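Welcome! Here is a short guided tour to read alongside the sequence and the 3D view.

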Amino acid sequence: MAIKCKAKMQGDAVEVKALMKHEMETGLRKDSKTGEIIPAHHITEVVCSLNGNPILQCNMGPAISKNPYLAFTVSGPKAGDTIQISSIDNKGETDSGEAVVK
Amino acid sequence: MNRREFNKSLVTISGLGAGASLGALPLSVFAAWPQNAFDAETTDAVAEALYGTNGAEASDAITFKAPDIAENGAVVPISLKADIANADSVAIMVANNPSPLTVTFEIMNPGKPDVGTRIKMGKTSQLIALVRAEGKLYTATSSEVKVTIGGCGG
């Protein structure tokens, strides 16, 4: 599991696109065979940071689609900088990825 | 092992530890997840839980990009742009979802927000955005997104 991301300068801000791999179970669905509710399992937070300093933090609810896609623009990083994206889910599992700003 | 060697080995171990933690961010950067805001069942309650107020001012500066008809409610691509300077927080809600709040963005270098993601929609609904800039809260409501197959399971 790894987060795929891309970062590109758009004027003086950076456009970041990230694609995560996650089931994003809402906790509302029922198993079609057993009828039992499938427990919620979804990403809760995604942090984008530059040199270890958070520049954008995103809180996600279960209403984000499976394999979440995020796009945002932030100011701060310059071309050539490396930004890191990390995520944590409601079970404490983490994932991360990084990209060099183009 | 004499004392000097022992100290040396300690340094090596702690050095390794620091090196390993550079790759993955320390868990402390993940702040408390606003559970009550994601559990809230009305958009007013979400605003209250996130920003401590539901007195948001309607703004034309916030624009949505969302499909008129979403064939599959499980994956609805949306994006939002706000021509509001120094915005530091954005929340996107789906009015008719069981829990309206889908996502929030906290921007450490305040600027004009431009964010996008893919969300689940249970049924046809409007999207509501909240944008906070310089302590003031702005809101906007999108046109209706028609959902033909719901995406909240069941």
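Let's begin with chain B, keeping in mind that this is a predicted model. Of the 154 residues of chain B, 38% count as buried. The chain holds three helices and ten strands, and the helices precede the strands along the sequence, in the pattern α-α-α-β-β-β-β-β-β-β-β-β-β.

**Chain B as a whole**

- The accessible surface of chain B is about 8,300 Å², and carbon and sulfur atoms make up 53% of that surface.
- Among contacts in chain B with a separation of 6 or more, 63% are between residues 24 or more positions apart.

**A sheet built from both chains**

- An open sheet of nine strands runs through chains A and B, in the order S7(A)-S6(A)-S3(A)-S4(A)-S6(B)-S5(B)-S8(B)-S9(B)-S1(B), with mixed pairing.
- Which strands stand at the edges? They are strand S7 (94-100) of chain A and strand S1 (57-58) of chain B; each has a single partner strand, so one side of each has no neighbour in the sheet.
- Within chain B, strand S8 (residues 127-133) runs antiparallel to strand S9 (residues 136-141), and six bridges join the two.
- One place to look in that pairing is B:Arg132, which sits opposite B:Leu137 in S9(B).
- A general point helps when you look at side chains here: in a regular strand, they alternate between the two faces of the sheet.

**A hairpin in chain A**

- Strand S1 (residues 4-10) and strand S2 (residues 13-19) of chain A are antiparallel and share seven bridges.
- S1(A) and S2(A) form a hairpin, with two residues between them.
- A:Gly11 lies in the turn and has a positive phi of about 70°.
- Beside the turn, A:Gln10 has A:Ala13 in S2(A) as its bridge partner.

**Strand S7 of chain B and its partners**

- S7(B) is joined to S5(A) by three bridges, and these two strands run antiparallel.
- S7(B) also pairs with S4(B), again in the antiparallel sense, over six bridges.
- What stands opposite B:Gly116 in each pairing? From S5(A) it is A:Ala71, and from S4(B) it is B:Ser79.

**The largest pocket**

- The largest pocket holds about 280 Å³ of space.
- Its lining has 17 residues, and the closest to the centre are B:Lys65, B:Ser79, B:Asp114, B:Val115 and B:Gly116.
- Both chains contribute to this lining: S2 and strand S5 (69-75) of chain A, along with strand S2 (62-65), strand S4 (76-82) and strand S7 (114-119) of chain B, each supply at least two residues.
- By type, the lining of the largest pocket has seven nonpolar, five polar and five charged residues.

**The second largest pocket**

- About 240 Å³ of space lies in the second largest pocket.
- Of the 16 residues that line the second largest pocket, A:Thr26, A:Leu28, A:Pro62, B:Phe38 and B:Ser99 are nearest its centre.
- Helix H2 (residues 35-39) of chain B gives the largest share of this lining, with three residues.
- The lining of the second largest pocket comprises nine nonpolar, five polar and two charged residues.

**Two asparagines with positive phi**

- A:Asn67 is a residue other than glycine with a positive phi, near 50°.
- You will find A:Asn67 in the loop between strand S4 (53-60) and S5 of chain A.
- Is A:Asn67 buried or partly exposed? A:Asn67 counts as partly exposed because its relative accessible area is 28%, which falls between the cut-offs of 20% and 50%.
- B:Asn86 also has a positive phi, near 60°, and lies in the loop between S4 and strand S5 (87-94) of chain B.
- With 37% relative accessibility, B:Asn86 is partly exposed.

**A proline in a strand**

- B:Pro110 belongs to strand S6 (residues 101-111) of chain B.
- Its relative accessibility of 39% makes B:Pro110 partly exposed.
- Leaving aside neighbours within four places in sequence, B:Pro110 contacts B:Asn86, B:Ala87 and B:Asp88; B:Asn86 is the loop residue with positive phi described above.
- From C-alpha to C-alpha, B:Pro110 and B:Glu134 are 9.1 Å apart in space, with their positions 24 residues apart in sequence numbering.

How values were computed: Residues are numbered from 1 along each chain as its sequence is written. Chains are lettered from A and ligands numbered from 1 in the order in which they are written. This is a predicted model: local features need pLDDT of at least 70, side-chain atom pairs count only at pLDDT 80 or more; totals for chains, interfaces and linings use all residues. Side-chain values use heavy atoms; hydrogens and water are left out. Helices (H or I, at least four residues) and strands (E, at least two) are DSSP runs, numbered from the N terminus. Buried means under 20% relative accessible area, exposed over 50%, partly exposed in between (1.4 Å probe, protein chains only). Contact means heavy atoms within 4.5 Å. Accessible areas come from the Shrake-Rupley method with a 1.4 Å probe; for residues, only the protein chains shown count as cover. Two strands pair if DSSP finds at least two bridges between them. On a 1 Å grid over the protein atoms alone, a cavity is a set of points where a 1.4 Å probe fits but cannot get out, and a pocket is an open set with protein on both sides within 12 Å along at least five of seven lines; lining residues have an atom within 4 Å of a point. Grid points are joined across faces, edges and corners, and a volume is the space filled by probe spheres set on the points. Ala, Val, Leu, Ile, Met, Phe, Trp, Tyr, Cys and Pro count as nonpolar, Asp, Glu, Lys and Arg as charged, and the others, Gly among them, as polar.
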